[in-house]
Amino acid sequence: MLAAVSPLAGSAVLAQGAATGSPRLEDLIPDSAVEDPEGWATRDSPASSGSEPADPAAPDSGSAMDEMPEISLPWPEPGDVPQPEPLQAEPDIDFATDFDDQVPALPDGKKIRVGSDMTLVFPDTGAEFELQDEFVDRFRELSTIAELSDDEDNLAQLSARARQDADLLDRLLRNYGYYDGYVLRSMGNGTNGDGSSSENPEVRFDIVSGTQYRFGAIDLGALPQAPDYEALRKSFEIWPGDPVLADKIVQENFDLDQALGETGYPFAAIGNPSLLIDHARQEGDLTLPVEPGGRYRFGSVVSGNPDFLSSKHLQRIARFDPGDIYKRSDEMDLRRAILATGLVSSVTISRRETRPPAPGQDGEVALDIELAKAPLRTIAGTIGYGSGEGVRIEGSWEHRNLFPPEGALRVRGIAGTKEQLAGVTFRRNNWRGRDKILTVDAYATNIDRDAYEAHTVSLLATYERVSTLLFQKPLTWSVGLEVIATDEREASVQGVNTPRATYFVAALPMRAMIDTSDSLLDPTRGFRLGGRISPEISSQGGSQSTYARTQIDATYYQPMGEKVVIAARTRVGSILGTGLGNIAPSRRFYAGGGGSVRGYGYQKIGPRDDVGDPNGGRSLVEFSLEARIRTGMFGGALSVVPFIDAGNVDRSTTPSFSDMRFGAGLGVRYNTGFGPIRLDVATPLNPRSGDNPIAVYIGLGQAF
């Protein structure tokens, strides 16, 4: 028997020998070698003579090996050598041998095909598997085999993925409360559609669920100390005896947190849940550390920069009043509303206790608002061309908080071949209420269109309640006061200018709309119904006329499956109370264009003069119908939109359907995430003389 000594151990031995006076090299060389080196080197070798010179330092060949000098390690006895443990069977090895006679056969059960090379089997063991369909759907979404396998997979690839899926099934069983369940994995040849054997391998999982565990004791920490414990406990809908579902714990944790945040607990804290499984009872004891922290009501809202946005203004745009029960959603809504002003780049809200809770009395919490200013000045410009509008260049400068809080000043101008404008606008957002806007707009404009020419000076004040992307309201409205002085004339006749007329108009425009649609920019369902009425007094050439401009707009959106939305629109308008000649040309009804009847030029539909130029009317009717069809192109962002429009303008106060103009075309929409970019190409179906065969429209948002 040989003993192996490591190099490290040998070095230690030599070092020890040198230190204790071991024999020197000179003592180990025989005298014969010193006297006759050549003769000593050529002496007979043991191979030739069969013997070896005796060496007093060498062990006797016929005796047991002596212990080496200077080594104190005992020679191991045979019984002291540790015996290797037998190898454990590798659980993930698939054997080709049939072991049916060693593994108990499972009863038949429900078989569910998952993909082309995998089957789940739920043996009929008498234990009911609740939520089995949900279990299978979830496994199908997470399965490695279902995601990665194909017809070219070999046995090794499929076996590796099967091991991962077996672990997934084990985890899912525990997720649904089956802590005694197990999964048996087997592999073999698959079957074809006709039932014959296939050469492609197939995986089979037999899922023995066992008994579903139930919740035992439920500990919710300090929650019973809350004043309204009973209501809060009902929000956490897990009770002893309910099935142990991991997803249920997560969901009810969220529900309890939401209930605490919405019923006056701004300082509530919920720790991580723990579940203690008792296999003997087949139950799980749930512990959820909850610290309610006391119930509070809103106090004051305190601005960190009152000269920029005052505390009073921030309180005005909040959806709560001091003394209301604290709600986390109201706090988050205030944060979003401050960001929606466009005046700040970031908002930090800190809760500060101003009065602690007392027996029978809620505490009070103030909200401290820290604001970081955003850039407040904007310079914008656009340039474009339209067949009915000519070249148009528009620019503007705006300061959004020149008159705090939220008092904006905007200066704008238009330079175009058919329109020139200079104007200044003052706007106060969130004035006397959330999403209520006061606007005062003064401008001077010169318009030269086919229908009329107008030099106009106008002052318009409007107070309105609007929808925003943050909060789309079911009801919006506006009231205004408009004063206009305009010098106008209708289109020239055979190159001869018609007489000019000066009109002084005072109007009280009002508008209201009901909106049940699901989006401001890209609605897919619901309807909008709006009405406008503007009582007006017009004075021209010493005569005075009183009339009312009225208009009704309705749109409807209906999804047809997952990829198609049918959208319809109608508009009806009438000017009541005076003749057409008493109404300034710019105040009459016109139709045609991208927001009206596509396929026709801007304001080209309706009554015309002797040379074919439109001159407007007192009634209007329009219809539009389109199908918005999503495609799979560009990640589903591209849609195609076939459409048909119709409309007419009449000189009478009653809309006429006898001379309707129809236009049809095809559009595309590209969804940017903010809103769709629209491109429509249309043609008139029953054009009149002078109508172009093709019209193109580009804009942001849907046509209606």
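How many bridges join strand 5 to strand 8, and do these strands run parallel or antiparallel? Keep that in mind as you look through the close-ups below, all of which come from a predicted model.

**Figure 1. The whole chain, before we zoom in.** The protein chain has 704 residues, and 37% of them are buried. Along the chain you can count twelve helices and 29 strands. Take the contacts in the chain with a separation of 6 or more: 57% of them involve residues 24 or more positions apart.

**Figure 2. An open sheet built from strands 5, 8 and 7.** Here is the answer to the opening question: strand 5 and strand 8 (residues 283–287) run parallel and are joined by four bridges. The sheet is open, has three strands in the order 5-8-7, and shows mixed pairing. Strand 5 (214–219) and strand 7 (274–278) are the edge strands, and each of them pairs on one side only. From one strand to the next, the twist averages 25 degrees. To find your way in this view, look for I218, which stands opposite L286 in strand 8.

**Figure 3. Another open sheet, with a helix lying across it.** In this view three strands follow the order 10-12-11, again with mixed pairing in an open sheet. Its edges are strand 10 (296–303) and strand 11 (344–355), each pairing on one side only. On average, neighbouring strands of this sheet are turned by 25 degrees against each other, direction ignored. Strand 10 runs parallel to strand 12 (residues 363–373), and six bridges join the two. One spot to pick out is S303, whose bridge partner in strand 12 is I369. Now find helix 12 (residues 328–340): this helix lies across strand 10, strand 11 and strand 12, and runs at about 145 degrees to strand 11.

**Figure 4. Inside the largest nonpolar core.** The largest nonpolar core holds 24 residues, and those touching the most other members are L120, F122, F135, F139, L169, F205 and I207. Several elements contribute: strand 2 (118–123), helix 6 (132–142), helix 8 (155–175) and strand 4 (197–208) each supply at least two residues. Helix 8 gives the most, with seven residues. A second, separate core has 22 residues, including F298, F320, Y326 and L376. Back in the largest core, what is I207 in contact with, leaving aside its neighbours within four places in sequence? The partners of I207 are L120, V121, F122, P123, F135, L169, L173 and Y182.

**Figure 5. Aromatic rings in pairs and in a cluster.** Across the whole structure, a search finds 16 aromatic pairs. Why is the pair formed by W431 and Y463 called edge-to-face? The two ring centres are 5.4 Å apart and the planes meet at 90 degrees, so W431 and Y463 form an edge-to-face pair. This pair links distant parts of the chain: W431 is in the loop between strand 16 (419–428) and strand 17 (436–448), while Y463 is in strand 18 (residues 452–465), 32 residues apart. W431 is partly exposed, with a relative accessible area of 31%. R432 lies over the face of W431, at 5.8 Å from the ring centre. Elsewhere, R549 lies over the face of F589, at 5.5 Å from the ring centre. Ring pairs also link F122, F129, F135, Y176 and Y178 into a cluster.

**Figure 6. Two buried residues of strand 18.** T462 lies in strand 18, and E464 is found there too. Are they buried or exposed? T462 is buried, with a relative accessible area of 15%, and E464 counts as buried at 18% relative accessibility. Setting aside neighbours within four places in sequence, T462 is in contact with I437, L438, T439, S478, V479 and G480. With the same neighbours left out, the contacts of E464 are D435, K436, I437, T439, W477, S478 and R511. T462 and P509 are 47 residues apart in sequence, and their C-alpha atoms are 8.7 Å apart in space.

**Figure 7. The two faces of strand 29.** Strand 29 (residues 695–700) has a covered face made of A695, Y697 and G699, and an uncovered one made of V696, I698 and L700. Strand 29 pairs with strand 28 (residues 676–684) in the antiparallel sense over six bridges. Look for I677, whose bridge partner in strand 29 is L700.

Conventions. Residues numbered from 1 in each chain as written. Predicted model: local features only at pLDDT ≥ 70, side-chain atom pairs only at ≥ 80, totals over all residues. Heavy atoms only, no water. Phe/Tyr/Trp six-rings, centres within 6.5 Å; stacked < 30°, edge-to-face > 60°. Buried < 20%, exposed > 50% of the residue type's maximum accessible area, 1.4 Å probe, protein only. Lys NZ or Arg CZ within 6 Å of the ring centre and 35° of its normal. Core = buried A, V, L, I, M, F, W, Y, C linked by side-chain atoms within 4.5 Å. Contact = heavy atoms within 4.5 Å. Pairing = 2+ DSSP bridges. Axes fitted to C-alpha atoms, helices over the stretch in contact; angles between N-to-C directions.
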